[in-house]
Every structure is written in structure tokens, then in C-alpha cells.
There are 2 protein chains.
Amino acid sequence: MWVTFPIITGEMVKQTTQNSFFGQYSYSIDTKGRVNIPAKFRQVLSNDNNKTFIITRGEERCIWVYPLVVWQEITERLGKLSAVSPNNRHFIRKTTRYASLVEYDKQGRIMLTKPLIDYAGLNKDVHIIGALNKLEIWNPETLDEVDSDDTNIDAVTLHELAKEIIL
Amino acid sequence: MWVTFPIITGEMVKQTTQNSFFGQYSYSIDTKGRVNIPAKFRQVLSNDNNKTFIITRGEERCIWVYPLVVWQEITERLGKLSAVSPNNRHFIRKTTRYASLVEYDKQGRIMLTKPLIDYAGLNKDVHIIGALNKLEIWNPETLDEVDSDDTNIDAVTLHELAKEIIL
DNA sequence: TAATATTGTGGGTAATTGTGGGTAACATTC
DNA sequence: GAATGTTACCCACAATTACCCACAATATTA
């Protein structure tokens, strides 16, 4: 069985690599809880993701959307942690608990779960942000608040990061 | 411009995630003590489980629900522990004593035993959590308490874990 | 520029899922 | 034995989800 995909041109490669996302887009959720995955992101997905994402709670009231293969790497590492340690148990539960596997349909939409929509406080309009190995879905208002709220930014950590990443 | 790839079927994806559970769902127990196994979990179960689970006491007042084949691996490992050591004897007794074998019916429900329902303090509404190789059934209130109780959780270790696993 | 394809959004319909209950078979107790 | 409780196996049905098709707006191509 075979399937045909658009070729990723040189122009696209310059901007993106597989399963790597950036940029911000505006979309809307319909009455059934569906959101479109931006076409630019879909084109960048490796085909072994099989149109599948894992959606889960993100930090600061947004939804994180992982391509399947990225999530599989994460769970693989989680599986190596022994469940005997309370710390490990807690960590495993925390990261897997709110996750849910979804596929996008013929129109390129995924269906969000009610708990996650509630968690992120989503209404009709949402912002979708590419965040390297995952996407983030935000209520625009929440995003504005987080942007303008610097109280939880640690200057020292930022400095460490800047040194580490070499900006 | 187009290029053609072999199709990765849903079946193939399921295999990579067989007997692996995550996500949290709300369900209710009926008057006969039956709970639904979330459909998403049923789809991921390998056939050799024969619709069979082992339910037993979990840590912290919840019920653990193991697919048959996962439980078999556990007992195999338990069997290798020498029963001479008092510690091992206690551990083996603790994990096998409250276990009971159940099958899910045509509607996908298992029947919980009264002792386990009492142990977990379950009323009508329950939360079912996918915890990798097993499910957990909780009274929502108990779950909230455990969540907010961080006394035995080491924040530093959690941070280390998060870095290691790379979310 | 016109023609064509892609993308974002909405909605209809069939299938699945979650939940409740009925009843017959079976076991348990007096 | 009868009375009682428990379990297995049905059926029913509302709510949700999966799977279509439609179509306007935008982008791409000739």
C-alpha cells in the first residue's frame, strides 16, 4: 500500500526540518471541538507519525501537541523508570495523565478533548504556536497575559540558557 | 511536486503502543459494580489478553488494572524472588493477595469486587488513569488529595527527571 | 490573468461508546 | 426445600465520535 505526499522543496527545507515547528497562526475551534493543524506544520511532519498526535496539558494553561514519534521517544524513556520509587511514580503519572492520542481527519483537523479545552480555557479563537518538537494551542488572551507577565522569569536561568545555546 | 511512500497503517501504530496506556477519563460505576474500560484503552489491548484483566490493590487507595499478559510478566518476575527472605515473602503476598481476574463484557465493562471498591472508597463517579502498563481507578476526591499532597515528593529529583526525559 | 489546487470551516449521517436495566442460571443461607 | 443474593448474558438507548461531503477563501500554477 502506498500514499503520495508533496515533495519538500529546497525552499521549505531552508525554513524547516522534520517534526520541527515554529511560527504563530490563528485558527478557530468549531462546535465539535475540532481545530485545524496549520498546513505548514502538516507538511513538515514525517510520515511515520501516521497523522497522529498526542495532546496533553502544557505549562501555563495551554495545550501541547506532540507528533507521535516524538511522544514515543518520551514514553520510551519513561518506561525505563522503576515504578517502585515514589518520585518516579509521581513523575510518570504527571506526564502521562492528561495525554490523549488523536489523528487528524481528511481536512487536517484534530479533535480536542473537553478536559483539555477547559484546562486551556479555549473559546472559538485560538493561537497555534510552533515550539520546536511540539505545537502549543492557546487562548489568545491567556497568551497575552503570559507574554506580559515577567514575574516568573528568572534572569539568572535566562543567562545560563543564553550561554548554553549560544545566542 | 509529489513523492510516494508506503502507507503506515493504523494497525502498525497500534502495535508500537500495545498495552500502553495514558490519559485520564471520567466514568461511572453502576449499581452492579461495573465500570467501563475506556474505548481508547480497549483498542490498544493485544488480543492475547482475551479481554481479561487482573484487578488488585494499588498504592495510595486506588485500584490497579493489569492486562493479563502484563500481569503474567509480573508474576514471572515475582517467581524469581526467593521466598526465603521475609521481605520478599511479604512483597509477594502483598501483590498477589488482593488480585482477582475479570473479563470485560460485550459493552466493554469489567466488574469490580466489593473489597476493592471499599479499599479505593469508590462511589458512583471515578477517574480512570492510564499509567503505561496498567490502569488506575480512583475516587476523584482521593485523587485530588494525593495530587495536592507533595510531602513525599522530592522537587529536585522531579526536576532532574524532567531534564533527563526532555519534555 | 485565468485556471487550478489547497486550505480553513461548517454540517449531515452512520457507527461507536457509555450507561441503564431485565432475566435466567447459579450459588448461598436458613 | 424455599428464600435470597450474586453473576452471566442479553437488550435498549442517548450521547458522542468517526467518516463523509460541501464550499468559500486563499494560494499556486500555467
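**Note on the sheets and two acidic residues of a predicted model**

1. In chain B, an open antiparallel sheet is built from six strands, arranged in the order S2-S8-S9-S5-S4-S6. Its edges are occupied by strand S2 (21–28) and strand S6 (100–103) of chain B; each has a single partner strand, so one side of each is left without a neighbour in the sheet. Disregarding direction, neighbouring strands of this sheet are turned against each other by 25° on average. The model is a predicted one, and the remarks below should be read accordingly.

2. The pairing at one end of the chain B sheet can be stated residue by residue. S4(B) and S6(B) run antiparallel and are joined by four bridges. Within this pairing, B:Thr52 has B:Glu103 in S6(B) as its bridge partner. Helix H3 (residues 68–79) of chain B packs on the sheet, where it touches S4 and strand S5 (63–67) of chain B. The direction of helix H3 of chain B makes about 100° with that of S5(B).

3. The loop between helix H2 (39–44) and strand S4 (52–57) of chain B contains B:Asp48. Is this residue buried, partly exposed or exposed? B:Asp48 counts as partly exposed because its relative accessibility is 48%, and the class of partly exposed residues lies between under 20% and over 50%. The side chain of B:Asp48 is in polar contact with that of B:Ser46, at 2.5 Å. Apart from neighbours within four places in sequence, B:Asp48 contacts B:Leu68 and B:Val69. For the pair B:Asp48 and B:Leu68, 20 residues apart in sequence, the C-alpha to C-alpha distance is 8.1 Å.

4. Turning to chain A, its secondary structure comprises seven helices and nine strands. Of its 167 residues, 43% count as buried. Among the contacts in chain A with a separation of 6 or more, 63% are between residues 24 or more positions apart.

5. Chain A also holds an open sheet of six strands with antiparallel pairing, in the order S2-S8-S9-S5-S4-S6. The edge strands, each paired on one side only, are strand S2 (21–28) and strand S6 (100–103) of chain A. From one strand to the next, the twist averages 25°. Helix H3 (residues 68–79) of chain A packs on the sheet and touches strand S4 (52–57), S5 and S6 of chain A, with its direction at about 95° to that of S5(A). Helix H6 (residues 140–148) of chain A lies across S2, strand S8 (125–132) and S9 of chain A and runs at about 50° to S8(A).

6. Strand S5 (residues 63–67) and strand S9 (residues 134–138) of chain A run antiparallel and are joined by three bridges. Which residue is the bridge partner of A:Trp64 in S9(A)? The partner is A:Glu136.

7. The setting of A:Glu136, a residue of strand S9 of chain A, deserves separate comment. A:Glu136 is buried but has no salt bridge. Its nearest side chain of opposite charge is that of A:Lys134, 5.0 Å away, whereas a salt bridge requires a separation within 4 Å. A polar contact of 2.9 Å does join the side chains of A:Glu136 and A:Trp138. Residues up to four places away in sequence being left out, A:Glu136 touches A:Cys62, A:Ile63, A:Trp64, A:His127, A:Ile128, A:Ile129 and A:Ala131.

Definitions and conventions
Residues numbered from 1 in each chain as written. Chains lettered and ligands numbered in written order. Predicted model: local features only at pLDDT ≥ 70, side-chain atom pairs only at ≥ 80, totals over all residues. Heavy atoms only, no water. Pairing = 2+ DSSP bridges. Axes fitted to C-alpha atoms, helices over the stretch in contact; angles between N-to-C directions. Contact = heavy atoms within 4.5 Å. Buried < 20%, exposed > 50% of the residue type's maximum accessible area, 1.4 Å probe, protein only. Lys, Arg positive; Asp, Glu negative; His and termini not counted. Polar contact = N/O pair within 3.5 Å; in protein donor to acceptor, adjacent residues only side chain to side chain.
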